[in-house]
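The following exercises concern aromatic side chains and the protein surface. Please examine the sequence and the structure before reading each solution.

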Amino acid sequence: LPLLMCLKKTDSCDVFFFVSLQLFSIFAFATCGGYTGQLRVSVDCMEKASSNLSIGIDFGYPFRLHQVSFEAPMCEAMRRERVFLTGDYSSSAEFFVTIAVFAFLYSLMAAIIYIFFLNKYRENSRAPLIDFVVTVVFSFLWLVSSSAWAKALSDVKVATDPDEVQLLISACKDQTNTCGSLHGPRWSGLNTSVVFGFLNFVLWAGNIWFVFKETGWHKGASRFAAGASEKQGGTFSQQSYNQGSFDQSGSYNTQGNMGQPSEYSQVGGPTSYPSQM
């Protein structure tokens, strides 16, 4: 139904696009900004009393993993150590969420303008130009932020891999102790956020055309093309008219020359008079 609206009515298509932008923006920052994950590892010491077979490590947005810590046994006289994860991926995550939030707010404002103030929007020549520039900028920002977040997510997956976390524990470096991973984080939510990020880029890039149609650049180009077409059609008609006049004139002259004898033919030659003496 929305696709048929886009094919038949431009205004409805514009509103549909802005509503889609709002929904996809919400999905993008909700799946990323609301994420919390957990992994569990086990440390089995030779001294069973020092073992910890279920160490839970919680982390989440904004993924400042270097601030995430947990306690692990050192397998030496009941001693314990505090271990920190590695990596800080907050810049990419926060940039992605920030773009999603601002894109949602702008698309919400634009939808309100398109629904209630469309006539005033079209009467103001500067508003469509501003809308066009902002749409292009958001399209570029969505591409950059989604790419950066996709790269950061792959690094987060490596940093929170239970096998990699075990390498940070001192007791796991001793061959006499046994370390294992119980379960790793679930990545379906964050993977979805990356997908929504690139879908937002596609939507915003596609919306550039609908916004461009409202600008004076498109209207001026349309008027120029229509004027050039009319001028070309008028020139062709004038040439056709002149050609027809020339043919008619030439035919008349030719028939006139063939139908009427010349003065020289009527006389038939010079007249000689007898001389009188």
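**Exercise 1.** How many aromatic pairs does a search of the whole structure find?

*Solution.* The model is a predicted one. Searching the whole structure yields 17 aromatic pairs.

**Exercise 2.** Classify the pair of Tyr35 and Phe59, and locate both residues.

*Solution.* Step one concerns geometry: the ring centres of Tyr35 and Phe59 are 6.2 Å apart and the planes stand at 55°, so the pair is tilted. The class follows because planes under 30 degrees apart count as stacked and those over 60 as edge-to-face, with the rest tilted. Step two concerns position: Tyr35 belongs to the loop between helix H2 (10–33) and strand E1 (36–44), while Phe59 belongs to strand E2 (residues 52–60). The pair thus links distant parts of the chain, 24 residues apart. Step three concerns burial: Tyr35 and Phe59 are both buried.

**Exercise 3.** Repeat the analysis for Tyr106 and Trp204.

*Solution.* The ring centres of Tyr106 and Trp204 lie 6.3 Å apart with planes at 35°, so this pair is tilted. Because Tyr106 is in helix H3 and Trp204 in helix H7 (residues 188–212), the pair ties together parts 98 residues apart in sequence. Tyr106 and Trp204 are both buried.

**Exercise 4.** Which residues make the nonpolar surface patch of about 480 Å², and is Leu108 buried or partly exposed?

*Solution.* The patch is made by Leu108, Ile112, Ile115, Phe116 and Phe117. Leu108 is located in helix H3 (residues 90–116). Its relative accessibility is 32%, so Leu108 counts as partly exposed.

Terms used:
Residues are numbered from 1 along each chain as its sequence is written. This is a predicted model: local features need pLDDT of at least 70, side-chain atom pairs count only at pLDDT 80 or more; totals for chains, interfaces and linings use all residues. Side-chain values use heavy atoms; hydrogens and water are left out. Patches are made of residues with over 30% relative accessible area and no salt bridge: like charges are joined within 9 Å, nonpolar side chains (Val, Leu, Ile, Met, Phe, Trp, Tyr) within 5 Å. Accessible areas come from the Shrake-Rupley method with a 1.4 Å probe; for residues, only the protein chains shown count as cover. A salt bridge is a side-chain nitrogen of Lys or Arg within 4 Å of a carboxyl oxygen of Asp or Glu. Helices (H or I, at least four residues) and strands (E, at least two) are DSSP runs, numbered from the N terminus. Buried means under 20% relative accessible area, exposed over 50%, partly exposed in between (1.4 Å probe, protein chains only). Rings of Phe, Tyr and Trp (its six-membered ring) pair if their centres lie within 6.5 Å; planes under 30 degrees apart count as stacked, over 60 as edge-to-face and the rest as tilted.
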